[in-house]
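I opened a new notebook page for this one. The plan was to look things up one at a time and write down what came back.

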Amino acid sequence: PQPTYLPSVATWHPLAKPRAEAAPAPAQPAGQGVHVMRVVQEFMQQSASQLTYHGIHQLHTEMPEGQLCVFFRNNHFSTMMKHRRELFLLCTDVGYLDKPNLVWERLADVSGECSAFYDGDFAPYDHTAERRAAAGAPLVTADAVASALANIGNKAATAVGDAVGAVGGVVTAVPVR
């Protein structure tokens, strides 16, 4: 089957019919097609990060406390955990390599403007520790991060291992205490 294209997003579904075989669209009142197009464009602009406020609400509602999962946003896989009724993303980006003790980022909104960073114990991240890192604080491997997560429980460590395996088995080393 041929791919079906929507404005700004390419999608494909095996049951989609090529445009030549599709039934003609029903006639719409004048101006309704333009309205629909504007609604679709507005949605695409508001959800360009692949996350909506409805999605965040659903995660808070459906995800059990202490649960780990693989989260996909901005074309990037992350490990997510619900802890103390908050959603946290494991910081594995190479941009955090020089941030000692920075382990978690709180997911609070779609834009990331209300994000906050936390250490491995879910305490607010101490930004002054960056100066100590410049003085030679050691960095550890992903194995050390998995070991730290084992303190949360064997289930957490297993979920992280599964998540790492699902994305090719590669995790950037992150600093921990």
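My entries follow, from the overall layout down to single residues.

**Overall layout.** First note to self: this is a predicted model. I pulled up the secondary structure and got five helices and seven strands. Reading from the N terminus, I wrote the order down as β-β-α-α-β-β-β-β-β-α-α-α. I then looked at burial, and 24% of the 177 residues come out as buried. The accessible surface is about 11600 Å², with 57% of that belonging to carbon and sulfur atoms. On contacts, I took those with a separation of 6 or more, and 43% of them are between residues 24 or more positions apart.

**Leu 87.** I picked a residue in strand S5, which covers residues 86-90, and settled on Leu 87. Is Leu 87 buried or exposed? Its relative accessibility is 0%, so it counts as buried. I listed its contacts beyond four places in sequence, and they include Ile 56, Leu 59, His 60 and Met 63. Met 80, Met 81 and Lys 82 are also among the contacts of Leu 87, as are Glu 105, Arg 106 and Leu 107. For Met 63 I also noted the C-alpha to C-alpha distance to Leu 87: 9.2 Å, with the two positions 24 residues apart in sequence.

**Glu 105.** Since Glu 105 turned up in that contact list, I went there next. Glu 105 sits in strand S6, residues 104-107. What is the nearest side chain of opposite charge to Glu 105? I found Arg 73, at 5.0 Å. A salt bridge needs the nitrogen and the carboxyl oxygen within 4 Å, so that pair does not make the cut. Glu 105 is therefore logged as buried with no salt bridge. Leaving out residues up to four places away, Glu 105 touches Leu 87, Phe 88, Leu 89 and Cys 91, and also Tyr 96, Ser 115, Ala 116 and Phe 117.

**Salt bridges.** How many salt bridges does the count come to? The count is one. Lys 99 and Asp 98 form a salt bridge, with their closest N and O atoms 3.8 Å apart. I checked the accessibility of Asp 98 too: at 47% it counts as partly exposed.

**Aromatics.** I counted five aromatic pairs. Phe 72 and Phe 77 form one that is tilted, 4.9 Å centre to centre with 55° between the planes. I also logged one aromatic cluster, formed by Phe 88, Trp 104, Tyr 118 and Phe 122.

**Back to Phe 72 and Phe 77.** Phe 72 belongs to strand S3, residues 68-73. Its relative accessibility is 37%, so Phe 72 goes down as partly exposed. Phe 77 is partly exposed as well, at 44%. With Val 70, Phe 72 and Phe 77 make a nonpolar surface patch of about 270 Å².

**The loop after S3.** Last stop was the loop between S3 and strand S4 (76-83), where Asn 74 is found. Its phi is near 55°, a positive value in a residue other than glycine. Asn 75 lies in the loop between S3 and S4 too, and I noted a positive phi of about 55° there, again not a glycine. Which of the labels, partly exposed or exposed, goes to Asn 74? At 47% relative accessibility, Asn 74 counts as partly exposed. Asn 75 comes out as exposed, with a relative accessible area of 61%.

Terms used:
Residues numbered from 1 in each chain as written. Predicted model: local features only at pLDDT ≥ 70, side-chain atom pairs only at ≥ 80, totals over all residues. Heavy atoms only, no water. Phe/Tyr/Trp six-rings, centres within 6.5 Å; stacked < 30°, edge-to-face > 60°. Buried < 20%, exposed > 50% of the residue type's maximum accessible area, 1.4 Å probe, protein only. Helix = DSSP H or I, 4+ residues; strand = E, 2+ residues; numbered from the N terminus. Lys, Arg positive; Asp, Glu negative; His and termini not counted. Contact = heavy atoms within 4.5 Å. Patch = residues over 30% accessible without salt bridge, like charges linked within 9 Å, V, L, I, M, F, W, Y side chains within 5 Å. Areas by Shrake-Rupley, 256 points an atom, 1.4 Å probe, with all protein chains shown as cover.
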